[in-house]
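Biologist: I would like to learn how to read the aromatic contacts, the cysteines and the pockets of a model. Could we go through them one at a time, with the general idea before the case?

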Amino acid sequence: MRYSYLTRTVLVVALTVTAGLAVSACASPRDEAPLAGAILWQQTCQQCHEFRSPADYDDQQWETLVEHMRTRANLPAEDAEAILAFLQSGN
């Protein structure tokens, strides 16, 4: 059966969304903060900064960096806390 480009695109998007929902449904509440932080980190921090591994700095260094950037980037406290949880989860 041949599918048009649009049909294939819709199928790929639908499967991706379904897989993402399945993975997030399997995450424990403890995993939710780093997951949300990872998304926020990508959407906010990586707009200006190059990719950094969360293991590049220790927990205290990340806390200092995130607090500094929270002020400079005008991030809401809850977003900064989620980003910090993600970055510290790599240590």
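Modeller: Let us begin with a single side chain, keeping in mind that this is a predicted model: tyrosine 57 has a relative accessible area of 24% and is therefore partly exposed. Tryptophan 62, by contrast, counts as buried, at 7% relative accessibility.

Biologist: How are the rings of tyrosine 57 and tryptophan 62 placed with respect to each other?

Modeller: In general, a pair of aromatic rings is described by two values, the distance of the centres and the angle of the planes. For tyrosine 57 and tryptophan 62 the centres are 4.9 Å apart and the planes stand at 85°, so this pair is edge-to-face.

Biologist: How many aromatic pairs are there by this rule?

Modeller: The count comes to three aromatic pairs. One of them joins tryptophan 41 and phenylalanine 86, whose ring centres are 5.1 Å apart with the planes at 45°, so that the pair is tilted. This pair links distant parts of the chain, since tryptophan 41 lies in helix α2 (residues 29–43) and phenylalanine 86 in helix α4 (residues 77–88), 45 residues apart. Both tryptophan 41 and phenylalanine 86 are buried, and together with Phe51 they form one aromatic cluster.

Biologist: Turning to the cysteines, how many disulfides does a search of the whole structure find?

Modeller: The search finds zero disulfides. A disulfide would need two cysteine sulfur atoms within 2.5 Å, whereas the sulfur of cysteine 45 is 8.9 Å from the closest cysteine sulfur, that of cysteine 48, which is too far for a bond. Cysteine 48 itself counts as exposed, with 71% relative accessibility.

Biologist: And what should I look at when I read a pocket?

Modeller: The general idea is that rolling a probe the size of a water molecule over the atoms shows where empty space is left. Here the largest pocket holds about 400 Å³ of space, and of the 19 residues that line it, the closest to its centre are Trp41, Cys45, His49, Trp62 and Met69.

Biologist: Which elements give two or more residues to the lining of the largest pocket?

Modeller: They are α3 (59–73) and α4, and the largest share of the lining, seven residues, comes from α3.

Biologist: How do the residues of that lining divide into nonpolar, polar and charged?

Modeller: Twelve residues of the lining of the largest pocket are nonpolar, four are polar and three are charged.

Terms used
Residues numbered from 1 in each chain as written. Predicted model: local features only at pLDDT ≥ 70, side-chain atom pairs only at ≥ 80, totals over all residues. Heavy atoms only, no water. Buried < 20%, exposed > 50% of the residue type's maximum accessible area, 1.4 Å probe, protein only. Phe/Tyr/Trp six-rings, centres within 6.5 Å; stacked < 30°, edge-to-face > 60°. Helix = DSSP H or I, 4+ residues; strand = E, 2+ residues; numbered from the N terminus. 1 Å grid on protein atoms, 1.4 Å probe; cavity = no way out; pocket = protein on both sides within 12 Å on 5 of 7 lines; lining within 4 Å. Points joined across faces, edges and corners; volume = space filled by probe spheres on them. Nonpolar A, V, L, I, M, F, W, Y, C, P; charged D, E, K, R; others polar.
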